[in-house]
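Visitor: Could you take me on a close look at one part of this model, the aromatic pairs and what sits around them? I'm happy with distances and angles, so don't hold back.

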Amino acid sequence: MPATRPVWSDDETEAFRDLARTFLVKECAPNEERWNEQQHVDREIWNKAGELGLLCPSIPTEYGGGGGTFAHEAVLAEEQIRAMVGSLGTAVHSTIVAHYINGYGTEEQKHRWLPRLATGELVGAVAMTEPGTGSDLQSVKTKAIKTGDEYVIDGAKTFISNGLLANLVIVVAKTDPENAAKGISLVVVETDGLEGFSRGRVLKKIGQHGQDTAELFFDSVRVPADCLLGTEEGQGFIQLMQQLPQERLVLAVAAVAAIEETLSQTLRYTKDRHAFGKPVFAFQNTKFKLAEVATTARIARVFVDDCIVKHLNGELDVQTASMAKWWTTQMQCDVADECLQFFGGYGYMQEYPISRLYTDARIQKIYGGTNEIMKEIISRFL
Ligand SMILES: Cc1cc2nc3c(=O)[nH]c(=O)nc-3n(C[C@H](O)[C@H](O)[C@H](O)COP(=O)(O)OP(=O)(O)OC[C@H]3O[C@@H](n4cnc5c(N)ncnc54)[C@H](O)[C@@H]3O)c2cc1C
């Protein structure tokens, strides 16, 4: 927990933080272990989160959202880390999926989907990645071809967060397979009872065990033509690029919260655990390493707080968001590794939360655009 209230937060945001914390600690944390074992949260928890107003907090109230700002999304991301309940995929649902619809949907589409995302009737996912294509998004093979007043979708997606429970999937597909970026569109697919749609395995991962990451298959799936997000084909790549700073920032927010949480757990442990007649914290190596971690935590906090303020003012540029994503997630992994060491063998045990902070950290350098892609983007501005 940072010592002071972040510069971007006010009384109202802090009240939302209290609400989120109570929900996460009371309703989610006691189930987290079971969710990890079953590899997904209970479906009802989405509805509970919706009832409390924790879904779509920064979507306008006229579409059923909370009428807040990115500050609300940031607070929720932070509190999830602090409560150690990473299983509920609200960042994808609220911060990403709802914002595609809010940003590019027609009035009718916003009214059709956003209120149901806000209540948890719909659980959202975004399906970009395919078995053959990840970073190179322009090369997706999934097709959505307009046939009469429908789109016919064929393709396979993998690594999709919320993939088991989602019933609204934003599918990245080629409406014009002859074209690269210009051929890409986003198609919003409601999956309940949808013929030709199926889910594969919930994938077994080295961390984030309670997050349902799954494969999705589309076999001549037909959806009405008005499921194309927006009114024009070929806008998908631009729509994706425009939303990426917010997606990357929320990962950086989570990374900073994780660095702070890792530090505080390690301080508690090393001051309590004794070796050679003194606390582990008393060894110079421990003190110096944790002084370095505390410095990293402070720098990361100041940088990301500044990014949040910029984003709230509509001024966060692509390169700064990419810097925040790669640097904070790299630091998160480095800090988790350094700190786990101070727990000795206990750090390797699943019952010690530090082991989760370590394994859950690793994906942060990979999803949301890999850190190599972040550096590629930054280098274009140098
Ligand atoms: C737990 C989890 C959840 C995920 N959730 C989602 C989701 O909800 N929706 C979704 O669509 N996807 C999701 N993904 C997929 C994720 O976004 C991709 O794994 C990621 O974008 C990388 O793609 P890839 O795995 O195909 O790797 P590749 O693109 O094959 O990359 C392999 C390696 O090559 C490097 N590389 C590639 N291109 C370059 C380049 N130009 N320069 C330098 N290095 C390069 C990469 O950085 C990486 O190190 C998730 C993945 C995981 C593991």
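Guide: Helices here are DSSP runs of H or I with at least four residues, numbered from the N terminus. With that in hand, methionine 349 is easy to place: look in the loop between helix 9 (318–341) and helix 10 (353–361). Keep in mind that this is a predicted model.

Let's start with the rings. A pair of aromatic rings is described by the distance of the centres and the angle of the planes. The count for this model comes to 5 aromatic pairs. Take phenylalanine 197 and phenylalanine 218: their ring centres are 5.4 Å apart and the planes sit at 55°, so this pair is tilted. Phenylalanine 197 belongs to strand 6 (residues 197–202) and phenylalanine 218 to strand 7 (residues 213–224), so the pair ties together parts that are 21 residues apart in sequence. Both phenylalanine 197 and phenylalanine 218 are buried.

Now for tyrosine 346 and tyrosine 352: here the ring centres are 5.4 Å apart with the planes at 50°, so this pair is tilted. Tyrosine 346 has 37% relative accessibility, so it counts as partly exposed. Tyrosine 352 comes out at 25%, which means partly exposed as well. Zoom out a little and these two tyrosines belong to one aromatic cluster, made up of Tyr269, Phe343, Tyr346 and Tyr352.

Tyr346 also has a role on the surface, where it forms a nonpolar patch with Tyr348 and Met349. Together the three have about 370 Å² of accessible area. That brings us back to methionine 349, which counts as partly exposed because its relative accessibility is 38%.

Step along to helix 10 and you'll find buried residues: Ile354, Ser355, Arg356, Leu357, Asp360 and Ala361. The buried residues of this helix pack against helix 2 (32–38), helix 7 (236–272) and helix 9. One of them, isoleucine 354, gives a handy reference point for another aromatic residue, phenylalanine 281: their C-alpha atoms are separated by 16 Å, with the two positions 73 residues apart along the chain. Phenylalanine 281 itself lies in the loop between strand 9 (278–279) and helix 8 (284–312). Its relative accessible area is 24%, so phenylalanine 281 is partly exposed. Leaving aside neighbours within four places in sequence, phenylalanine 281 is in contact with Leu267, Thr270, Lys271, Thr286, Lys287 and Leu290.

Back to phenylalanine 218 for a moment, since it turns up among the contacts of lysine 157. That lysine is in strand 3, and with a relative accessible area of 1% it is buried. Again setting aside neighbours within four places in sequence, the contacts of lysine 157 also include Met128, Glu130, Val172 and Glu215. As for its polar end, a polar atom of the lysine 157 side chain lies 2.7 Å from the backbone oxygen of valine 172.

One last stop, just before strand 3: glycine 148 is found in the loop between strand 2 (143–147) and strand 3 (150–161). Unlike the buried lysine 157, glycine 148 counts as exposed, because its relative accessibility is 66% and the cut-off for exposed is over 50%. The C-alpha atoms of glycine 148 and proline 224 are separated by 9.3 Å, although the two are 76 residues apart along the chain.

Notes
Residues are numbered from 1 along each chain as its sequence is written. This is a predicted model: local features need pLDDT of at least 70, side-chain atom pairs count only at pLDDT 80 or more; totals for chains, interfaces and linings use all residues. Side-chain values use heavy atoms; hydrogens and water are left out. Helices (H or I, at least four residues) and strands (E, at least two) are DSSP runs, numbered from the N terminus. Buried means under 20% relative accessible area, exposed over 50%, partly exposed in between (1.4 Å probe, protein chains only). Patches are made of residues with over 30% relative accessible area and no salt bridge: like charges are joined within 9 Å, nonpolar side chains (Val, Leu, Ile, Met, Phe, Trp, Tyr) within 5 Å. Accessible areas come from the Shrake-Rupley method with a 1.4 Å probe; for residues, only the protein chains shown count as cover. A salt bridge is a side-chain nitrogen of Lys or Arg within 4 Å of a carboxyl oxygen of Asp or Glu. A polar contact is a pair of N or O atoms within 3.5 Å; within protein, one must be able to donate a hydrogen and the other to accept it, and residues adjacent in sequence count only if both atoms are side-chain atoms. Contact means heavy atoms within 4.5 Å. Rings of Phe, Tyr and Trp (its six-membered ring) pair if their centres lie within 6.5 Å; planes under 30 degrees apart count as stacked, over 60 as edge-to-face and the rest as tilted.
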